[in-house]
Amino acid sequence: MKRVAVIAGDGIGPEVINEAVKTIALAKEVFAFELSLEPFDWGASKYLATGISMPEDGLEMLATEFDAIITGAFGDPRVPDNKHAADILLGMRFGLDLYINLRPIKLIAAKLCPLKDDRRDKVNFVVFRENTEGMYVFMGGNFKKGSADEVAVQEEINTRKGVERIITAAFEYARANQRKRVTMSDKSNVLTYGHDLWQRTFKEVAPRYPDIAANHLYVDVLAMWMVLDPERFDVIVTNNLFGDIVTDLGAALQGGLGMAASGNIHPGKVSLFEPVHGSAPQFAGKNVANPIAAILTSAMMLDYLGFKEAAVAIENAVELAVQHDETTQDIGGNLLTTEAGDAIRKYLQKA
Ligand code: NAD
Ligand code: IPM
Ligand code: MN
């Protein structure tokens with residue numbers, strides 16, 4: 001039996017993950033498969049109460065006993081330095097070597113998209129965000145901190161191995177999913193060492209996939225084309241920080257952060273699934289957050305675990321709920337979080 005660790009997290013995390021869990025539970029009934037969902041209370045409250053963000057053996061336990069992890073979000077105003085989020089979320093990404101952050105940008109109903117006219121019909125691509133290095137390695141420091149002469153240094157790390165494996169993963173995904181083009185995006189005109197490594201590696205990997213077109217865009221112009229002509233994109237591969245930024249832009253094309261799902265993946269190993277959005281503390285406890293990002297994330301996870309039919313059925317149920325405006329306010333409906341989840345499950349039940 002597949003085992004899933006459920007870490008609801010902070011802010012709106014518990015509310016949206018609750019809807020994801022109820023949806024998975026229904027999918028198990030409808031499609032008759034076995035899966036256990038085991039909750040963990042890691043997050044800001046536990047950290048504040050005990051000083052522990054994640055138990056010492058936490059990563060080892062996840063790696064050896066679980067097939068997947070689903071989380072809400074981490075971030076709480078009571079922890080201004082976000083230490084627990086770095087320990088738990090980045091801890092899992094790095095510690096479990098989840099080098100692919102796969103973020104699909106797929107618009108499921110034209111009315112949700114802020115773009116004009118037929119551009120809206122063309123929002124359907126995926127971002128491969130490098131997930132284990134780049135600007136996220138916490139290498140750096142301060143000199144004369146707090147003084148007028150303060151110096152702050154923060155390094156970006158790009159390794160040959162790290163860059164090659166994410167670029168290769170993007171091409172492999174393109175080939176396996178009938179995608180025609182991989183676009184690599186960097187800032188190699190300015191970052192002439194780190195991103196030159198991306199340039200050279202991309203030029204070496206791309207010819208191994210003669211069936212897939214390969215092109216390059218600097219990240220500034222990539223952002224422009226994502227808005228002006230999203231049809232240009234099929235698979236985008238980029239570094240950790242740029243991937244973070246462009247996928248919030250991508251979320252906007254899909255109807256907002258309440259719609260965007262993601263997976264942190266190491267093929268064949270325990271992998272972590274989470275909505276792209278954060279803990280939106282201003283909505284916490286109000287039953288207003290959009291649960292769709294979390295529910296689509298659960299579908300991504302079920303797909304990863306081999307329950308493809310259930311994953312597709314959940315996606316279809318979400319589309320039906322959106323078509324009928326049985327949704328939360330951020331995307332034009334007037335339902336509460338729990339009601340929006342129920343609406344999706346009503347359509348899933350009929351699948
Ligand atoms: P956020 O994603 O939490 O919220 C930004 C805005 O997006 C919200 O104000 C809201 O308007 C909208 N939004 C997000 N999720 C929504 C949902 N489900 N339904 C409806 N609207 C939604 O980003 P933020 O405000 O920059 O960050 C808040 C906290 O979350 C910070 O502590 C941040 O570090 C953290 N964070 C965590 C993760 C994660 O754990 N994966 C991701 C991003 C941010
Ligand atoms: C995301 C988030 C995280 C990131 C934060 C919370 C560390 O913004 O998953 O997109 O920057 O990766
Ligand atoms: Mn982000």
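1. A polar contact is a pair of N or O atoms within 3.5 Å. With that in hand, look at ligand 1 in this predicted model. A polar atom in the side chain of Gln282 sits 2.5 Å from an oxygen atom of ligand 1, so the pair falls within the 3.5 Å limit and counts as a polar contact. On its own, ligand 1 would expose 800 Å², and the protein buries 67% of this area.

2. Stay with ligand 1 for a moment, since the backbone takes part too. Which residues offer a backbone atom to ligand 1? Ser279 has a polar backbone atom 3.0 Å from an oxygen atom of the ligand. Ala280 has a backbone N or O atom 2.8 Å from an oxygen atom of ligand 1.

3. Now widen the view to the whole shell of ligand 1. There are 20 residues around this ligand, and those that come nearest are Phe74, Glu274, Gly278, Ala280 and Gln282. Sorted by character, the shell holds 10 nonpolar, 8 polar and 2 charged residues.

4. Ala280 deserves a second look. You will find this residue in the loop between β12 (271–275) and α9 (292–304). The phi angle of Ala280 is near 30°, a positive value in a residue that is not glycine. Is Ala280 buried, exposed or partly exposed? Its relative accessibility is 21%, and because buried means under 20% and exposed over 50%, Ala280 belongs to the class in between, partly exposed.

5. Asn287 makes a good companion to Ala280. Asn287 too is placed in the loop between β12 and α9. Its phi is near 60°, again a positive value in a residue other than glycine. With 22% relative accessibility, Asn287 counts as partly exposed.

6. Val288 is another residue of the loop between β12 and α9. Where along the chain does a partner of Val288 lie, if we go by C-alpha atoms? The C-alpha atom of Leu336 is 5.0 Å from that of Val288, although 48 residues separate the two along the chain. Setting aside neighbours within four places in sequence, Val288 is in contact with Glu15, Phe283, Thr328, Leu336 and Thr337. Val288 is partly exposed, with a relative accessible area of 33%.

7. Moving on into helix α9, we meet Ala294. Here the relative accessible area is 0%, so Ala294 is buried. Who are its neighbours? Not counting residues up to four places away in sequence, Ala294 touches Val16, Ile17, Ala20, Ile70 and Pro275. There is also a link back to the shell of ligand 1: the C-alpha atoms of Ala294 and Glu274 are 6.7 Å apart, with their positions 20 residues apart along the chain, and Glu274 is one of the residues that come nearest to ligand 1.

8. Ligand 2 has its own surroundings, made up of Arg93, Arg103, Arg129, Tyr136 and Asp244. Which side chains place an N or O atom 2.9 Å or 2.6 Å from an oxygen atom of ligand 2? For Arg103 the distance is 2.9 Å, and for Tyr136 it is 2.6 Å. Asp244 brings a polar side-chain atom to 2.8 Å from an oxygen atom of the ligand. The protein covers 74% of the 320 Å² of accessible area that ligand 2 has on its own.

9. Helix α3 (residues 58–65) is a nice one for learning about helix sides. Its buried residues are Gly58, Met61 and Leu62. Why do they share a side of α3? They cover an arc of only 95° around the axis, and this puts them on the same side of the helix. A general rule helps here: an α-helix has 3.6 residues a turn, so residues three or four places apart point the same way. Glu60 and Thr64 are exposed on the other side of α3. The buried residues pack against β1 (2–9), β2 (35–40), β3 (68–73) and α4 (83–95).

10. Finally, find Arg179 in the loop between α5 (160–176) and β8 (181–186). Is Arg179 buried or exposed? Arg179 is buried, as its relative accessible area is 15%. A polar atom of the Arg179 side chain lies 2.9 Å from the backbone oxygen of Asn124. Beyond its neighbours within four places in sequence, Arg179 has contacts that include Phe125, Val126, Tyr173, Ile212 and Asp234.

How values were computed: Residues are numbered from 1 along each chain as its sequence is written. Chains are lettered from A and ligands numbered from 1 in the order in which they are written. This is a predicted model: local features need pLDDT of at least 70, side-chain atom pairs count only at pLDDT 80 or more; totals for chains, interfaces and linings use all residues. Side-chain values use heavy atoms; hydrogens and water are left out. Buried means under 20% relative accessible area, exposed over 50%, partly exposed in between (1.4 Å probe, protein chains only). Helices (H or I, at least four residues) and strands (E, at least two) are DSSP runs, numbered from the N terminus. The arc is that of the directions from the helix axis to the C-beta atoms. Contact means heavy atoms within 4.5 Å. A residue is near a molecule or strand if one of its heavy atoms lies within 4 Å of it. A polar contact is a pair of N or O atoms within 3.5 Å; within protein, one must be able to donate a hydrogen and the other to accept it, and residues adjacent in sequence count only if both atoms are side-chain atoms. Accessible areas come from the Shrake-Rupley method with a 1.4 Å probe; for residues, only the protein chains shown count as cover. Ala, Val, Leu, Ile, Met, Phe, Trp, Tyr, Cys and Pro count as nonpolar, Asp, Glu, Lys and Arg as charged, and the others, Gly among them, as polar.
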